[in-house]
Amino acid sequence: MTERNNEEVSDEMLMALADGELDSAQAAALRARIARDPELAQRLAVFTETAAALRAAFAQGEVPPRLIAAVEAAEVDRQPEDRKVVAFPSRSTLWPMALAASLALGVGLGWGLKGTNAPMSAPSLAEVAQAVSGVPTGETAEVARLGAARVLGSFETERGLCRLIAVEPDEGGRGRFVACRDVEGWDVALSLSDGSTAGYAPASAMGTEMIDLYLDAVGAGAALDAETEAAMLGGDPE
Amino acid sequence: VTDPVKRQIVDMLPLLRAFARSLAPSWDQADDLVQATVEKGLRNLSSFAPGTRLDSWLYKIMRNAWIDQHRAARPVVSIDDDATLELVGEDGRRVTEARLDLAHVRAAMDRLPEDQRAVLMLVCVEGLRYREVAEMLEVPQGTVMSRLARARAALAEDLGMTSRDARRQGEAR
């Protein structure tokens, strides 16, 4: 039953798959091998499960107001010349729990999906969620008229199955959103825009926190493993 | 907050807290460390080289502050007790089977070496890319990956996740 391919799969390859670091072609190829090989699936589970456990164990609460106050009150010794600092979109740092529980919530008005000069309008986020509904966690799909969309996780919640999806549009800012499935399809529960096209923005850490708060608010457990996810998505990959 | 550097630091607070929590064994101590770090950083802002990474620079300040503090004072916090207390403080309504294991996860994390805890916090908890973590910690990406792989193997072993029937989250104990 254990059919050996010519190449051994290293732990680091499996880890990169679990962490969403492989490109979609590599990820698809590896997923296909894992689907045929329970031993590989078990090795992969070590990486997905440790990450899920750590996310659950070290989820941050709100940033304590005293830290924000400390930054505001701190004395600054700066150089005479006014330093050029990359500006990050200011956003509310205090995130009331009750707000996180509200059903539809959009953060970041700079959402870049509606391209200004695109001849055809970009798909809505609900359509993006639908487009990747057969894509397992960790994989990236190219969505027409948008760009890359990567599934970061699936969760069982009080709202049913919810998925966290990252989009990197060909044009406009990156973002993440949570979509939950109801009878009519995918409903966007929360969307966060990075507001910048730069490769790195520390604000993404804030986004992670908000998403965690939202997932907690709808009673999400740990991220689903590949097998459970596939079953809940209804599409048997075989 | 109107000052651009201060605003950038405020936006970075969740990341700094994650860094700090990888050094300190509780959120209280992590937050004290974050506060000491941002105050020290802003006080010495003239020594920050523009165009370099503010997060890397603050992380170095943070590590030094933590080491200094612990050279002076013997650690007094019992890690396991602390982890258990945090669990009790959580919203009981949502504590599922998997979440009951969180105290074990925290304790197992605290037993790992510091460099491994940092990459776990940044990649697994904060969801940063390997490349971003490598830049932030100023180590090669391969080093980030080998630390991550080692740390997760040790964690899985410690938590009994590697056993044959530990295939689903809820059974991993």
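**Close-up views of a predicted two-chain model**

**View 1. Chain A as a whole, a chain of mixed helices and strands.** Half of chain A is enclosed, in that 50% of its 238 residues count as buried; this figure, like every other value in these legends, was computed from a predicted model. Chain A holds eight helices and six strands, and when these are read along the sequence they follow the order α-α-α-α-α-β-α-β-β-β-β-β-α-α. Of the contacts in chain A that link residues at least 6 apart in sequence, 54% join residues at least 24 apart. The surface that chain A exposes amounts to about 11,100 Å², and carbon and sulfur atoms supply 54% of that area.

**View 2. Chain B as a whole, a chain of nine helices and zero strands.** From the N terminus on, the elements of chain B run α-α-α-α-α-α-α-α-α. Chain B has 173 residues, of which buried residues make up 53%. Among its contacts with a sequence separation of 6 or more, residues 24 or more positions apart account for 59%. The accessible surface of chain B comes to about 7,700 Å², and 50% of this area belongs to carbon and sulfur atoms.

**View 3. The largest nonpolar core and its surroundings.** This core comprises 81 residues, and those with the most contacts inside it are B:Leu13 and B:Leu16. The element that gives the most to the core is helix 1 of chain B, residues 4-23, with 11 residues. Apart from this core lies another, of 18 residues, which includes A:Val128, A:Val143, A:Leu161 and A:Leu233. Around B:Leu16, once its neighbours within four places in sequence are left aside, the residues in contact are B:Ile9, B:Val34, B:Val38, B:Leu58 and B:Met62.

**View 4. Helix 1 of chain B, with its bend at B:Leu13.** The helix has 20 residues and spans 28 Å from its first C-alpha to its last, which is close to the 28 Å expected at 1.5 Å a residue. Helix 1 of chain B nevertheless bends by about 55° at B:Leu13, and a proline, B:Pro14, follows within four residues of that position. At the start of the helix, a side-chain oxygen of B:Asp3 reaches to within 2.9 Å of the backbone nitrogen of B:Val5. Because 18 of its 20 residues are buried, helix 1 of chain B is largely enclosed by the rest of the structure.

**View 5. Helix 6 of chain B, a mostly covered helix.** This helix runs through residues 102-110, and eight of its nine residues are buried. The buried residues of helix 6 of chain B are B:Leu102, B:Ala103, B:Val105, B:Arg106, B:Ala107, B:Ala108, B:Met109 and B:Asp110, so that B:Arg106 and B:Asp110 appear in the list beside residues such as B:Leu102 and B:Met109.

**View 6. A:Cys180 within strand 5 of chain A.** The strand in which A:Cys180 has its place covers residues 175-182. With a relative accessibility of 1%, A:Cys180 falls under the 20% limit and therefore counts as buried. Leaving aside neighbours within four places in sequence, A:Cys180 is in contact with A:Arg159, A:Leu161, A:Cys162, A:Gly185, A:Trp186, A:Asp187 and A:Ala189. A:Arg163 is 17 residues away from A:Cys180 in sequence, while the two C-alpha atoms are 6.4 Å apart in space.

**View 7. A:Arg31, a buried arginine in helix 2 of chain A.** The helix that contains A:Arg31 comprises residues 24-36. The relative accessible area of A:Arg31 is 16%, and because this lies under 20% the residue counts as buried. When residues up to four places away in sequence are not counted, A:Arg31 touches A:Leu17, A:Leu44, A:Pro136, A:Thr137, A:Gly138, A:Glu139 and A:Ala226.

**View 8. Two loop residues with positive phi, A:Arg145 and B:Glu138.** Most residues other than glycine have a negative phi. A:Arg145, although not a glycine, has a positive phi of about 60°, and it is found in the loop of chain A between strand 2 (140-143) and strand 3 (147-157). A:Arg145 is partly exposed, with a relative accessible area of 48%. In chain B, B:Glu138 has a positive phi of about 55° and is likewise not a glycine; its place is in the loop between helix 8 (130-137) and helix 9 (141-158).

Terms used. Residues numbered from 1 in each chain as written. Chains lettered and ligands numbered in written order. Predicted model: local features only at pLDDT ≥ 70, side-chain atom pairs only at ≥ 80, totals over all residues. Heavy atoms only, no water. Core = buried A, V, L, I, M, F, W, Y, C linked by side-chain atoms within 4.5 Å. Buried < 20%, exposed > 50% of the residue type's maximum accessible area, 1.4 Å probe, protein only. Helix = DSSP H or I, 4+ residues; strand = E, 2+ residues; numbered from the N terminus. Contact = heavy atoms within 4.5 Å. Expected span 1.5 Å × (residues − 1). Bend = angle between axes of the 7 residues up to and from the residue. Polar contact = N/O pair within 3.5 Å; in protein donor to acceptor, adjacent residues only side chain to side chain. Areas by Shrake-Rupley, 256 points an atom, 1.4 Å probe, with all protein chains shown as cover.
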